[in-house]
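Okay, thanks for making time, everyone. I'll put the structure up and then talk you through the empty space in it and a few backbone oddities.

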Amino acid sequence: MRHLLTDRVRAVEPSPIRSMFDLAEAAAAEGRDLVRLEVGEPDFDTPEHVVEAAHEAARSGRTHYTPNAGIRPLREAVSEATARESGTEVPPEGVVVTNGAMEATYLVALATVGTDEEYLLPTPTYTNYFQQTDLVAGRAVEVPMPASTGFELDADRVVEAMGPDTAAVMLCSPSNPTGRVHDPDAVRAVVEAAADHDAVVVADEVYGGLVYDREFVGTAALTDHPEHVVTVGSCSKTYAMTGWRVGWLAGPRWLADAVTKVREAVTSCTATPSQYAALAALTGPQEPVREMRDRFEERRDYVVERAAGVDGVRCPRPDGAFYAFLELDLPGDDVAVAERLLREHGVVLAPGSAFGEAGAGWHRLSFANGLDRLEVGFDRLERALSAF
Ligand SMILES: Cc1ncc(COP(=O)(O)O)c(C=O)c1O
């Protein structure tokens with residue numbers, strides 16, 4: 001009998017992070033005191049001038065559909081911000097404003113990965129890419145990065161995995177879940193090989209504004225083949241704007257045009273007041289961004305120091321984003337360990353296997369939390385490690 005749901009939709013595995021979130025919500029509703037370190041969004045509010053801009057847009061009648069690719073001033077602002085923040089030069093015609101970076105990565109997969117074609121995902125990596133590949137009927141090919149180097153991008157492994165069916169390669173830097181910024185030489189080698197295979201490199205740089213010890217240089221700016229790279233960005237993390245749903249892709253014109261075309265049938269455009277909010281975020285004062293980044297850096301330093309002081313925890317130093325990826329010396333698989341940590345010790349982490357097989361046995365800790373909560377969280381983790 002024909003199944004009512006398509007194979008594609010049935011193939012999508014629910015995210016273990018979502019399951020952990022649901023467990024935590026249920027426990028919190030029962031009055032449990034939990035330290036929630038599984039959540040991947042800034043704990044800050046959107047800067048006031050940004051909220052004001054959306055307010056003003058809505059009040060002045062900017063409440064209609066916009067062009068599919070977004071309002072022209074925002075596409076220009078994205079083009080300028082991308083050049084300023086990461087050295088990636090893409091004219092406004094190559095920019096499409098989307099409903100968060102999620103829609104951008106989805107539409108790029110839809111436009112470039114054909115049925116049964118391969119999408120190479122160096123892992124551990126963001127869960128949604130797996131689901132998006134299933135949705136476009138492509139094949140997600142995990143390329144595990146070595147735990148021994150803290151999951152540094154190993155270009156040889158990625159290049160070796162490329163073949164005639166490779167349509168796209170994901171390079172997420174700074175990485176969710178490791179916080180790693182990829183080595184420029186490794187990035188160059190991957191893009192060069194992708195160009196030889198006529199594959200597209202998707203550079204997810206939504207955390208590019210949150211890099212701590214160095215300047216961030218975008219993938220497209222590092223290579224001699226920028227025409228093979230599409231850069232994905234977002235207001236969500238840098239400007240604490242997750243709920244506004246504004247992201248973008250910036251890349252070659254043929255891809256921007258294709259995405260603009262198919263987008264008409266899906267979402268048409270991003271909410272108009274949100275686009276004006278994003279415009280204010282990108283073109284207005286950058287002081288709130290610097291403040292948030294400094295706070296994240298302080299927390300990153302705290303997490304690294306605390307982790308180093310606890311027996312049974314290994315934590316490669318994150319260069320960016322607000323995640324630390326921890327190897328915990330605890331028995332059981334990471335989903336079972338995460339559930340026990342939640343139930344018995346009141347601390348919630350995201351299980352590493354959510355990010356691909358390479359992440360099995362590891363856990364993602366989000367430091368988008370105040371130092372006081374991080375302190376309680378680490379105290380609980382320390383107790384768990386001696387009590388498990
Ligand atoms: C690596 C990565 N890309 C994209 C996104 C999606 O961001 P947005 O809110 O812009 O859709 C996230 C969100 O967690 C992420 O971690």
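**One cavity, one pocket, one ligand**

Let's begin inside: the largest cavity has 14 residues in its lining, and P122, P124, C172, S175 and H182 are the ones nearest its centre. Two elements give two or more residues to that lining, β3 (118-123) and β5 (166-172). Of the elements, β5 gives the most, with 3 residues. Before I go on, please keep in mind that this is a predicted model.

How much space lies in the largest cavity? About 110 Å³. And if you're wondering how many cavities of 30 Å³ or more there are, the count comes to 1. By class, the lining of that cavity splits into 8 nonpolar, 5 polar and 1 charged residues.

Now, there are two cis peptide bonds to show you. One of them involves a residue I've just named: T123 and P124 are joined by a cis peptide bond, with omega about 5°. P124 sits in the loop between β3 and α6, and it is also one of the residues nearest the centre of the largest cavity. The other cis bond runs from S173 to P174, and there omega is near -5°. P174 belongs to the loop between β5 and α8 (184-196).

While we're on the backbone, have a look at F151, where phi is positive, near 65°, and the residue isn't a glycine. You'll find F151 in the loop between β4 (139-144) and α7 (155-161). For context, most residues other than glycine have a negative phi, and most peptide bonds are trans.

Right, on to the pocket. What takes up the space of the largest pocket? The ligand does. The volume of this pocket is about 760 Å³, and its lining is made of 29 residues. G40, M102, Y126, N128 and K237 lie nearest the pocket's centre. As for who builds the lining, α2 (16-29), α5 and α6 (128-135) each bring at least two residues, and α5 gives the most, with 4. By class, the pocket lining has 11 nonpolar, 11 polar and 7 charged residues.

Let's zoom in on the ligand itself. There are 14 residues around it, and D204, Y207, S234, S236 and K237 come nearest. K237 is a name you've heard already, from the residues nearest the centre of the largest pocket. Helix α5, residues 100-112, turns up again too: it gives the most to the shell around the ligand, with 3 residues. The shell divides into 7 nonpolar, 4 polar and 3 charged residues.

Which side chains make polar contacts with the ligand's oxygen atoms? Here are three, with distances:

- S234 has a polar side-chain atom 2.6 Å from a ligand oxygen.
- S236 has a side-chain N or O atom 2.7 Å from an oxygen of the ligand.
- R245 has a side-chain N or O atom 2.8 Å from a ligand oxygen.

And how much of the ligand does the protein cover? On its own the ligand has 400 Å² of accessible area, and 95% of that is covered.

So that's the tour. If you want to follow along on screen, start at P124 with its cis bond to T123, then go across to the ligand in the largest pocket and find S234, S236 and K237 among the residues that come nearest. Happy to rotate the view for anyone.

Notes:
Residues are numbered from 1 along each chain as its sequence is written. This is a predicted model: local features need pLDDT of at least 70, side-chain atom pairs count only at pLDDT 80 or more; totals for chains, interfaces and linings use all residues. Side-chain values use heavy atoms; hydrogens and water are left out. A residue is near a molecule or strand if one of its heavy atoms lies within 4 Å of it. A polar contact is a pair of N or O atoms within 3.5 Å; within protein, one must be able to donate a hydrogen and the other to accept it, and residues adjacent in sequence count only if both atoms are side-chain atoms. Accessible areas come from the Shrake-Rupley method with a 1.4 Å probe; for residues, only the protein chains shown count as cover. On a 1 Å grid over the protein atoms alone, a cavity is a set of points where a 1.4 Å probe fits but cannot get out, and a pocket is an open set with protein on both sides within 12 Å along at least five of seven lines; lining residues have an atom within 4 Å of a point. A molecule sits in a cavity or pocket if more than half of its atoms lie within 2 Å of its grid points. Ala, Val, Leu, Ile, Met, Phe, Trp, Tyr, Cys and Pro count as nonpolar, Asp, Glu, Lys and Arg as charged, and the others, Gly among them, as polar. Grid points are joined across faces, edges and corners, and a volume is the space filled by probe spheres set on the points.
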